Amino acid sequence: MPAPEFQHTVGKTASFSGTALHTGDKVTLKLQPAPVDHGIKFKRKDLQDEPTIDAKIENLKTVERATTIGEGSVRVHTVEHILSALSAMGVDNAVVEMDANEPPIGDGSAQAYVDLIKKAGVTAQDEPRKFFDVREPMHVEAKTGALLVLLPDDKFRISCTQAGPNNRFTQFLSMEITPTSFECEIAPARTFVYYEDVEPLMDKNLIKGGSLENAIVVRGEAALSKEPLRFPDEFVRHKILDIVGDLALVGRRIRGHVVAVKPGHAANAELARALAREQTRRSAMSAPRAIPIGDSGLDTGEVMKILPHRYPFLMVDRVIGFEGENKITAIKSITINEPFFQGHFPGHPVMPGVMQVEAMAQAASILLFKLTKTSSRVGYFMSADEVKFRKPVFPGDTIFIHAELTRARGNRMAKTKCYCVVNDAIVSEAELMFTFLDK
Ligand SMILES: [Zn+2]
């Protein structure tokens with residue numbers, strides 16, 4: 001299980017100069033330390049009052065050719081490569097000060113930024129890092145054919161398939177993103193462009209700083225550049241570099257597996273937006289709905305008169321309602337104080353699925369007790385079929401336990417269909433069978 005991780009910033013200020021891609025001007029970039037929970041902010045030293053822009057997805061402005069963020073009328077362009085390097089090298093908090101509207105392009109890779117970060121050093125701070133844990137698959141699709149799927153994983157992984165026009169230069173690579181893997185395998189991969197895409201931009205003089213020194217130009221089957229390809233699959237590596245940079249706009253470290261097919265800045269940004277939305281939803285989540293109290297249900301005391309179970313094995317807090325004779329809904333609020341979280345698992349608390357089955361069995365038992373209307377016979381859990389665990393349950397979740405009687409044979413046997421629901425999604429289900437015996 002992962003040990004707690006702390007936020008990091010750079011050890012000292014470090015700077016480097018170079019050419020801006022779009023304007024061709026000289027620009028100096030200074031990387032400076034920042035306090036905990038600051039995040040990454042860009043500072044425009046060249047403008048009056050030196051405004052800053054938060055590297056957050058809500059500040060994303062455009063994604064054509066490069067990623068541009070802005071606040072008010074202030075913009076910074078082509079932020080994805082430096083954000084990629086900062087994120088992958090483990091820098092959570094920093095100020096990126098520039099005297100122009102975009103960072104120096106370097107050689108079109110993230111190499112210059114990795115060198116800069118190493119020059120500045122990376123130091124731990126005393127607050128824990130913020131993570132976005134992928135709990136269930138998410139995906140975005142774009143008209144360009146881009147598809148991004150995000151799957152649960154305890155590491156940050158990217159599996160990427162890149163394909164150019166007519167499937168030229170189709171490449172695949174799958175890897176975990178760590179500072180070491182990024183520095184060796186991803187950071188040196190350069191930007192590549194298709195000749196047919198850049199020709200009109202060159203005509204309009206929109207990429208004044210662009211040259212074969214900071215991009216690979218693909219013309220037909222040929223890859224033109226100042227130096228030979230750094231990897232046979234350099235293009236897919238650069239696609240991974242861009243994904244890391246664009247997803248850094250989420251502002252949290254992602255624990256999940258990104259499966260990307262023909263990704264681009266637009267699709268990457270859309271996934272970042274979806275993650276930010278999901279994060280907002282999670283942060284705002286309180287009890288998912290009003291929980292009824294009163295005569296229609298049973299409080300804990302009444303539940304304990306029916307069920308013999310006691311702490312730590314009573315898995316029903318309250319019955320919130322019956323529907324006719326055959327249906328019951330109960331709730332169980334899961335807190336971090338549940339004894340099973342101490343061992344399941346330290347640092348990564350997930351409610352054991354078998355405890356959900358137990359909760360379903362207890363809710364069903366209450367239903368059967370009401371049905372038999374006698375306390376001289378007691379229901380015994382006989383079998384569990386069609387058991388499915390669909391989603392993990394975490395501390396803070398409230399489980400709605402639904403049980404329905406589907407078959408009863410006199411006072412001898414009963415079959416129930418049960419579901420556990422969290423936030424309107426089924427997290428587990430089972431068919432439970434009971435037999436009745438005299439006490
Ligand atoms: Zn790029």
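## Met 138 and its surroundings

Met 138 is placed in strand β12, which spans residues 138-141. The model described here is a predicted one. With a relative accessible area of 18%, Met 138 is buried, because the term buried applies under 20%.

Leaving aside residues up to four places away in sequence, Met 138 touches Phe 132, Leu 148, Val 149, Leu 150, Ala 274, Leu 275 and Glu 278. One of these contacts, Leu 148, lies 10 residues from Met 138 along the chain, and the C-alpha atoms of the two are separated by 8.3 Å.

## The zinc site

The zinc ion has protein donors from His 81 (NE2), from His 238 (NE2) and from Asp 242, which is listed twice through OD. These donors lie 2.1 to 2.6 Å from the ion. Along the chain, the donors of the zinc ion follow the spacing H-x156-H-x3-D. The four donor atoms subtend angles of 53 to 149° around the zinc ion, and the arrangement is therefore irregular.

Helix α5, residues 234-247, contains both His 238 and Asp 242. The two residues are four residues apart, about one turn of the helix. Both His 238 and Asp 242 are buried.

## Helix α1

The remaining zinc donor residue, His 81, is among the buried residues of helix α1. This helix covers residues 80-88 and is mostly covered, with nine of its nine residues buried. Besides His 81, the buried residues of α1 include Glu 80, Ile 82, Leu 83 and Ser 84. Gly 90 follows α1 and has a positive phi, near 90°.

## Nonpolar cores

The largest nonpolar core holds 69 residues. The members that touch the most other members are Ile 40, Phe 42, Ile 69, Val 96, Ile 158, Phe 182 and Val 258. Helix α6 (residues 265-284) gives this core its largest share, seven residues. Apart from this core lies another, of 37 residues, which includes Val 303, Val 357, Leu 368 and Cys 420.

Phe 42 illustrates the contacts of one core member. Not counting residues up to four places away in sequence, Phe 42 touches Pro 51, Thr 52, Ile 53, Ala 55, Ile 69, Val 76, Val 79, Ile 82, Leu 83, Val 96 and Met 98. Two of these contacts, Ile 82 and Leu 83, are buried residues of helix α1, while Ile 69 and Val 96 are listed beside Phe 42 among the core members that touch the most others.

## Aromatic pairs

Six aromatic pairs are present in the structure. Phe 16 and Tyr 113 form one that is edge-to-face, at 5.8 Å centre to centre and with 75° between the planes. This pair links distant parts of the chain, since Phe 16 belongs to strand β2 (residues 14-19) and Tyr 113 to helix α2 (residues 111-120), 97 residues apart. Phe 16 and Tyr 113 are both buried. For Phe 340 and Phe 341, the ring centres are 4.8 Å apart and the planes stand at 70°, so this pair is edge-to-face. Phe 340 and Phe 341 are both buried as well.

Ring pairs also join Phe 169, Phe 192, Tyr 194 and Phe 235 into a cluster.

## Charges over rings

Two arginine residues place their charged ends over phenylalanine rings. The charged end of Arg 237 is over the ring of Phe 231, at 4.0 Å from the ring centre. That of Arg 255 is over the ring of Phe 131, at 3.7 Å from the ring centre.

Key: Residues numbered from 1 in each chain as written. Predicted model: local features only at pLDDT ≥ 70, side-chain atom pairs only at ≥ 80, totals over all residues. Heavy atoms only, no water. Phe/Tyr/Trp six-rings, centres within 6.5 Å; stacked < 30°, edge-to-face > 60°. Buried < 20%, exposed > 50% of the residue type's maximum accessible area, 1.4 Å probe, protein only. Lys NZ or Arg CZ within 6 Å of the ring centre and 35° of its normal. Core = buried A, V, L, I, M, F, W, Y, C linked by side-chain atoms within 4.5 Å. Contact = heavy atoms within 4.5 Å. Donors = N, O, S within 2.8 Å, 3.2 Å for Na, K, Ca; no water. Tetrahedral: all angles 85-135°; square planar, octahedral: opposite > 155°, others 65-115°.
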